[in-house]
Amino acid sequence: MTGHAAGHVIPYEVQGSGPERVLALHHWLSDRSSFADLRRYLDGSAFSYAFVDCRGYGEAMDTPGTYTMEEIAADALAVADSLGWNTFSVIGHSMGGKAAQLMLLDAPSRVRSIVGISPVPASGFPLEGEMWNLFVGAVEDSGNRRTIFDVTTGSRHDDAWLDARVSGSERSSAAALRSYLESWTRGSDIHERVEGNPTPVLVVAGANDPAMGPETMRSTWLQWYPNAELEVFDDVGHFAPDESPEALATVVEGFLGRR
């Protein structure tokens, strides 16, 4: 039985009415509003985008669940079903990148391409020692969240930028954050299942991201997907949709337009 059997139509918002369909999955510390800056630069005449709130976030903050990558994948496929989208591409930011790959495994004939933005690899991304404690603490502590936003962007942003990111992180439930953290760091390693998959993949990495940066992408995503290409943003860390939304929109739509 695949995860799709348990799919639940989570809240989503569609932008654009173009023929190219794209489903977008947000990162661990915010809901779909984390794509707000990026959305200003997207081409609604060429693309139709569906931005979802995973269970435990935003409009789905009170939606119960197991809060796993497998559940996100199943729910996102249920959203595509509700939209009547037979085929589509998937954008996954950070943990959303892990869930996007599970969607590919669950529905290989439907996922046309994947765009990973600082995406968690198919192997997961185990955090150890102080880093694990920092992230576990962030479930309840906004100060830890602020540190995460600062460290994962190379400490290059001012207080106002960090404050805005922390504010966005409040649209999440502690139970969901804790369970998703376990799932994207120490959950199932699916890299052997995706290895050699010919699906076109674009990986966007920020040079100032100490975790999911270019080298991590080269040793994981680019090793396992033969049709993967890497775009490195020199002035960006882990949060390209916030840090460089216009350039990101250009790169993403250039890639998707070739599919």
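**Exercise 1. Strand 6 and V204**

Determine in which element V204 lies, and whether V204 is buried or exposed.

*Solution.* Step 1: in this predicted model, V204 belongs to strand 6. Step 2: the relative accessibility of V204 is 1%. The limit for a buried residue is under 20%, and V204 therefore counts as buried. Step 3: apart from neighbours within four places in sequence, V204 contacts G116, I117, S118, P119, E231, F233 and L248. Step 4: P214 is 10 residues from V204 in sequence, and their C-alpha atoms are 8.3 Å apart in space.

**Exercise 2. Two residues with positive phi**

State in which loops S118 and Y67 are found, and give phi for each residue.

*Solution.* Step 1: S118, one of the contacts of V204, is located in the loop between strand 5 (111–117) and helix 4. Its phi is positive, at about 40°, although S118 is not a glycine. Step 2: with a relative accessible area of 1%, S118 is buried. Step 3: Y67 is placed in the loop between strand 3 (47–52) and helix 2. Y67 is likewise a residue other than glycine with a positive phi, near 55°. Step 4: Y67 has 11% relative accessibility and so counts as buried.

**Exercise 3. The nonpolar cores**

Identify the residues with the most contacts inside the largest nonpolar core, and list what M103 touches.

*Solution.* Step 1: the largest nonpolar core has 61 residues. Within this core, L25, W28, M103, Y180 and W184 have the most contacts. Step 2: setting aside residues up to four places away in sequence, M103 touches L25, A73, A76, L77, F88, V90 and V111. Step 3: there is also a second, separate core of 22 residues, which includes Y49, F51, V115 and I117. Step 4: as a general background, nonpolar side chains in soluble globular proteins tend to be buried together.

**Exercise 4. Burial of helix 3**

Find how many residues of helix 3 are buried, and which they are.

*Solution.* Step 1: helix 3 has 12 residues. From the first C-alpha to the last, helix 3 reaches 17 Å, close to the 16 Å expected at 1.5 Å a residue. Step 2: of these 12 residues, 11 are buried, and helix 3 is mostly covered. Step 3: the buried residues are M95, G96, G97, K98, A99, A100, Q101, L102, M103, L104 and L105.

**Exercise 5. Helix 7 and its partners**

Work out which residues of helix 7 are buried, which helices they pack against, and how helix 7 is oriented relative to helix 4.

*Solution.* Step 1: helix 7 covers residues 174–186, 13 residues in number. Its reach from first to last C-alpha is 18 Å, close to the 18 Å expected at 1.5 Å a residue. Step 2: A176, L177, Y180, L181, S183, W184 and T185 are the buried residues of helix 7. Step 3: these buried residues pack against helix 2 (69–83), helix 3 (95–106), helix 4 (129–138) and helix 5 (142–151). Step 4: the axes of helix 4 and helix 7 come within 9 Å and cross at roughly 150°. Angles over 145 degrees count as roughly antiparallel, and helix 4 and helix 7 are therefore roughly antiparallel to each other. Step 5: helix 4 contributes W132, F135, V136 and A138 to the contact, while helix 7 contributes L177, R178, L181, E182, W184, T185 and R186. Step 6: by type, the residues of this contact comprise 7 nonpolar, 1 polar and 3 charged.

**Exercise 6. D150, S45 and A211**

Classify D150 and S45 by accessibility, and give the contacts of D150, S45 and A211.

*Solution.* Step 1: D150 is in helix 5. With 22% relative accessibility, D150 counts as partly exposed. Beyond residues up to four places away in sequence, D150 touches S155, R156 and L162. Step 2: S45 is in the loop between helix 1 (36–39) and strand 3. Its relative accessible area is 59%, so S45 is exposed. Leaving aside neighbours within four places in sequence, S45 contacts G18 and P19. The C-alpha atoms of S45 and Q15 are separated by 9.8 Å, with these positions 30 residues apart along the chain numbering. Step 3: A211 occupies the loop between strand 6 (201–206) and helix 9 (214–219). Not counting residues up to four places away in sequence, A211 touches F125 and T216.

Key: Residues numbered from 1 in each chain as written. Predicted model: local features only at pLDDT ≥ 70, side-chain atom pairs only at ≥ 80, totals over all residues. Heavy atoms only, no water. Core = buried A, V, L, I, M, F, W, Y, C linked by side-chain atoms within 4.5 Å. Buried < 20%, exposed > 50% of the residue type's maximum accessible area, 1.4 Å probe, protein only. Contact = heavy atoms within 4.5 Å. Helix = DSSP H or I, 4+ residues; strand = E, 2+ residues; numbered from the N terminus. Expected span 1.5 Å × (residues − 1). Axes fitted to C-alpha atoms, helices over the stretch in contact; angles between N-to-C directions. Parallel < 35°, antiparallel > 145°, perpendicular 65-115°, else oblique. Nonpolar A, V, L, I, M, F, W, Y, C, P; charged D, E, K, R; others polar.
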